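Colleague: Got a minute to walk me through this model? I'd like to go from the overall fold down to single residues.

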Amino acid sequence: MDQNSQGLVNEINDIGNLKIAIENQLTNQEIKIIKLASDTYSNKEIAQKLFLTESTVKKHRENVYLKLDVHGKENIRKFLRQLKTIIS
């Protein structure tokens, strides 16, 4: 994917549509994990809170980014900031 096609998150112009995309594409567990990630919890902290292994949390986060076509550290940070405004 080139820089001009930033994936689903960048194609969605308003936060309401992002919320709908998240609710329709992610499992409940993925939503819980990504909400905690948006609050800057580490994978280890998320794992402890949800009684999961750290590798399970990491895999769920990877699945979220793949499902929503979010790639690269900067796009992931941007996505998490957008998510934070949705769930606040």
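Modeller: Sure, and one term before we start: a contact here means heavy atoms within 4.5 Å. Also keep in mind that this is a predicted model.

Colleague: Okay, what share of the contacts with a separation of 6 or more comes from residues 24 or more positions apart?

Modeller: The count takes contacts in the protein with a separation of 6 or more. Within that set, pairs 24 or more positions apart make up 57%.

Colleague: Which elements make up the protein, going from the N terminus?

Modeller: There are zero strands, and the helices number six. Read from the N terminus, the order is therefore just α-α-α-α-α-α.

Colleague: And how much of the protein counts as buried?

Modeller: Buried means under 20% relative accessible area. The protein has 88 residues, and its accessible surface is about 5700 Å², with 49% of that on carbon and sulfur atoms. The share of residues that count as buried is 33%.

Colleague: Let's do helix packing. How are H3 and H5 oriented relative to each other?

Modeller: Two packed helices are described by the angle between their axes and the distance between the axes. For H3 and H5 the angle is about 95 degrees, with the axes 9 Å apart. Angles of 65 to 115 degrees get one label, so H3 and H5 are roughly perpendicular.

Colleague: Which residues of H3 make that contact?

Modeller: On the H5 side you have Val57, His60, Arg61, Asn63, Val64, Tyr65 and Lys67. By class, the contact of H3 with H5 holds three polar, three charged and six nonpolar residues. The H3 side consists of Gln29, Glu30, Ile33, Ile34 and Ala37.

Colleague: Now H4 and H5: what's the class make-up of their contact?

Modeller: The axes of H4 and H5 are 8 Å apart at an angle of about 110 degrees, which makes H4 roughly perpendicular to H5. H4 brings Asn43, Lys44, Ile46 and Ala47, while H5 brings Glu54, Val57, Lys58 and Arg61. Sorted by class, that contact has one polar, three nonpolar and four charged residues.

Colleague: Back to H3. Which of its residues are buried?

Modeller: Take Ala37, which sits in helix H3: its relative accessible area is 6%, so Ala37 is buried. The full buried set in H3 is Glu30, Ile31, Ile33, Ile34, Leu36, Ala37 and Ser38.

Colleague: What does Ala37 touch, leaving aside neighbours within four places in sequence?

Modeller: One partner is far off in sequence: Leu80 is 43 residues from Ala37, yet the two C-alpha atoms are 7.4 Å apart. With neighbours within four places left out, Ala37 is in contact with Ile46, Arg61 and Leu80.

Colleague: Which residues form the aromatic pair?

Modeller: A pair of aromatic rings is described by the distance of the centres and the angle of the planes. The structure holds one such pair, with 6.2 Å centre to centre and 90 degrees between the planes. Planes over 60 degrees apart count as edge-to-face, so that's the label for Tyr65 and Phe79.

Colleague: How many residues apart in sequence are the parts that this pair ties together?

Modeller: Tyr65 belongs to helix H5 and Phe79 to helix H6. Tyr65 is buried at 9% relative accessible area, and Phe79 is buried at 0%. The pair therefore ties together parts with a sequence separation of 14 residues.

Colleague: Any backbone oddities? What's the phi of Thr40?

Modeller: Most residues other than glycine have a negative phi. Thr40 takes a positive one just after H3, in the loop between helix H3 (28–38) and helix H4 (43–50). Its relative accessible area is 71%, so Thr40 is exposed. The phi of Thr40 is near 65 degrees.

Colleague: How far apart in space are Thr40 and Lys84?

Modeller: In sequence, Thr40 and Lys84 are 44 residues apart. C-alpha to C-alpha, the distance between Thr40 and Lys84 is 9.9 Å.

Colleague: Last one: is Asp69 buried, partly exposed or exposed?

Modeller: Asp69 sits in the loop between helix H5 (54–67) and helix H6 (73–87). Asp69 is not a glycine, but its phi is positive, about 60 degrees. The relative accessibility of Asp69 is 28%, so Asp69 counts as partly exposed.

Definitions and conventions. Residues numbered from 1 in each chain as written. Predicted model: local features only at pLDDT ≥ 70, side-chain atom pairs only at ≥ 80, totals over all residues. Heavy atoms only, no water. Helix = DSSP H or I, 4+ residues; strand = E, 2+ residues; numbered from the N terminus. Buried < 20%, exposed > 50% of the residue type's maximum accessible area, 1.4 Å probe, protein only. Areas by Shrake-Rupley, 256 points an atom, 1.4 Å probe, with all protein chains shown as cover. Axes fitted to C-alpha atoms, helices over the stretch in contact; angles between N-to-C directions. Parallel < 35°, antiparallel > 145°, perpendicular 65-115°, else oblique. Nonpolar A, V, L, I, M, F, W, Y, C, P; charged D, E, K, R; others polar. Phe/Tyr/Trp six-rings, centres within 6.5 Å; stacked < 30°, edge-to-face > 60°.
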